[in-house]
Amino acid sequence: MSTFKELGLNSQILQALTDLGYENPTEIQKKAIPQVLSSKQDLKAFAQTGTGKTAAFSLPILEQIDAESGDTQAIILSPTRELALQIANNITDFSKHLKGVKTLAVYGGASIEDQVRKLNKGVQIIVGTPGRTVDLINRKQLKLSNLKWLILDEADEMLNMGFKDELDKILAVTPKEKQTLLFSATFPKEVEGIAKAYLKNPIEISAGEKNKGTDQVSHQYYVVSERNRYNAIKRIADVNPDIYCIIFCRTRRETQEVADKLISDGYNVDALHGDLSQAQRDSVMEKFRSKTLQILVATDVAARGLDVTDLTHVINHKLPDQIESYTHRSGRTGRAGKEGISIAIVTVREKSKLHPIERLIGKKFISTPIPTGKEICQNQLLKLIDKVQDIQVNETEISDFLPSIYEKLKDLDREELIKKFVSIEFNTFLTYYQNAPDLNDSEHMRGVDRNSDRGSKRRDDENMTRFFINIGKKDKLNPARLIGLINDQRIAKNIEIGQIEILDTFSFFELDKTYEKETMSAFEGNDVDFEGRSVNVEITTKQRTGQARSGGGFRGGDRDRGPRKRTGDSDRGNDRKRSGDGDRKPKTDFGGFGRKRPGAPGTISKSTFGSDQNPKRRKRI
Ligand code: AMP
């Protein structure tokens, strides 16, 4: 095996690597370092995130940098501020024993004047986001005429983020004879296009197969109805008491919504997306890195700068629009030799999207049933027993209390005592999942069986909020007119409408629980009139009477969609018991994994992950 020394690096760099604890070069480092040290030929490198590519391109550049000159000799372009900062910090670490070598990260959202001041002192290595780099070039503050190396890192992401124009502008002001290095984890045709346009006769190196995910990751999929997507995530978190994961969402809004729901359900979660201020993003990332947060809900872009090596799971709340992004997402787990699980939550209709991904990653998704309440209870119980086994008893502090405790419990034998202590936590959890429905999409589990529809519709009631409305038959209200009225409020596109009950002077209707607040504010804000009556809508806890006029499954929201159809059954049952998944705030005292006990926020200590002795309380951000 070659060592860093054998790759041709000088003693100051070797010392820095030793300081960092890097013992041996990774595969991409073994290939890229000697190549860049020995040749001026352009380089096209395929490397997954987390394989050590920052050192792969920066070490040979540091070896050759002219510290005597203050000219900018290398520029690394990176898609996000976080990644730019991470790379700049890495390079600063690698060069800490090299005299006179300066590295600067330039990125938007921070004072450009500060960056200009630092640039003017002479910086040999710039790590920049494309937008800010162009800004600095336009202001004539960044001169790239003596550039020797241009590195395009995460080229696929830069294109995804629409930086093609900026790349063109930057390339236009660099000298022809520089060496260009392009690193990408995936290689869709757009990146091939960039490689063709910007690289001259490049050498191609690869650590692992192109576009392939790591072997350490297993890929699973769960099939659910749209409304059970969120509940499936809760089950995954609950059945894995030690989960440490990122839930990927496609949009900022989706990210915030999923995070908000999980937070209000008591999970130890926060959101990471571009609508947050930089300070908020830094704070969330730091909390996630230090494992103060166990679950991060993030957009693809925002999660790019996060250097976390030991995620147990990656969850795709929805599959990404671009299939290459799946490789990036799943590549966040299974790093540094550890095993990881990447889960895709899909509806029956989305199942076909898995095939192209399977071709891309060269692996099959395993169809996995959503954990049942019983499985969750079992795992949580085992976790509890582990905690009991590991807990350190503070003999000195507890000894004063023991005599009276023994006295009180003297009539209980060992078995009874164990059962009772365990039940303190377990009962409440058991209650929560007692009547929990099967969330697996019945159509998927039984093949396409239309007759099973009724069963699956029944399950959906937990996801509905029931509203009272002060108009009824006397006001000439009927289901169609009520749906029209709801649609007129423009609450959300394609909002699900559940049961409708029209009574003489008032009525009830159900809407997707997700839009509870929006529904209330739409009706309040729009000052709605119906047949001359001022409409008043309230959330009600009144149970169904069983005199339903129609079943669930109407879709509202978009008036141009033509006649609305019923898709459900009319007798959805009025004897249902509420159970686990649907409750926004579970009435259980059980923490579950990553879950704080309702009523006592922050009571899951860091011990869920690490030392049980640490009673440090977690804080919600
Ligand atoms: P990167 O792909 O450059 O983001 O690196 C991923 C992680 O691996 C970072 O935490 C690096 O510090 C670490 N790393 C990179 N190269 C090595 C190495 N040769 N030995 C140990 N850790 C490394």
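Which residue is the bridge partner of Ala74 in strand 5? Select Ala74 and find out: the partner is Trp149. Keep in mind as you click around that this is a predicted model.

Now widen the selection to residues 74–77 and 149–152. Those are strand 2 and strand 5, running parallel and joined by four bridges.

Next, bring up the whole sheet. You should be looking at seven strands in an open arrangement, paired in parallel fashion, and reading across in the order 3-4-2-5-6-1-7. Go to the edges: strand 3 is at 103–106 and strand 7 at 203–207. Each of these has a single partner strand, so one side of each is left without a neighbour in the sheet. Averaged over neighbouring strands, the turn of one against the other is 15 degrees, ignoring direction.

Time for the helices. Pick residues 27–38, which make up helix 2. This helix lies across strand 1 (43–47), strand 5, strand 6 (179–184) and strand 7. Compare directions with strand 7 and you get an angle of about 160 degrees. Then jump to helix 5, residues 112–120, packed on the sheet where it touches strand 3 and strand 4 (125–128). Helix 5 makes about 155 degrees with the direction of strand 3.

Last stop, the cysteines. Select Cys245: its relative accessible area is 1%, so it counts as buried. Cys377, at 6% relative accessibility, is buried too. If you feel like hunting for disulfides, a search of the whole structure turns up zero.

Conventions. Residues numbered from 1 in each chain as written. Predicted model: local features only at pLDDT ≥ 70, side-chain atom pairs only at ≥ 80, totals over all residues. Heavy atoms only, no water. Pairing = 2+ DSSP bridges. Helix = DSSP H or I, 4+ residues; strand = E, 2+ residues; numbered from the N terminus. Axes fitted to C-alpha atoms, helices over the stretch in contact; angles between N-to-C directions. Contact = heavy atoms within 4.5 Å. Disulfide = S-S within 2.5 Å. Buried < 20%, exposed > 50% of the residue type's maximum accessible area, 1.4 Å probe, protein only.
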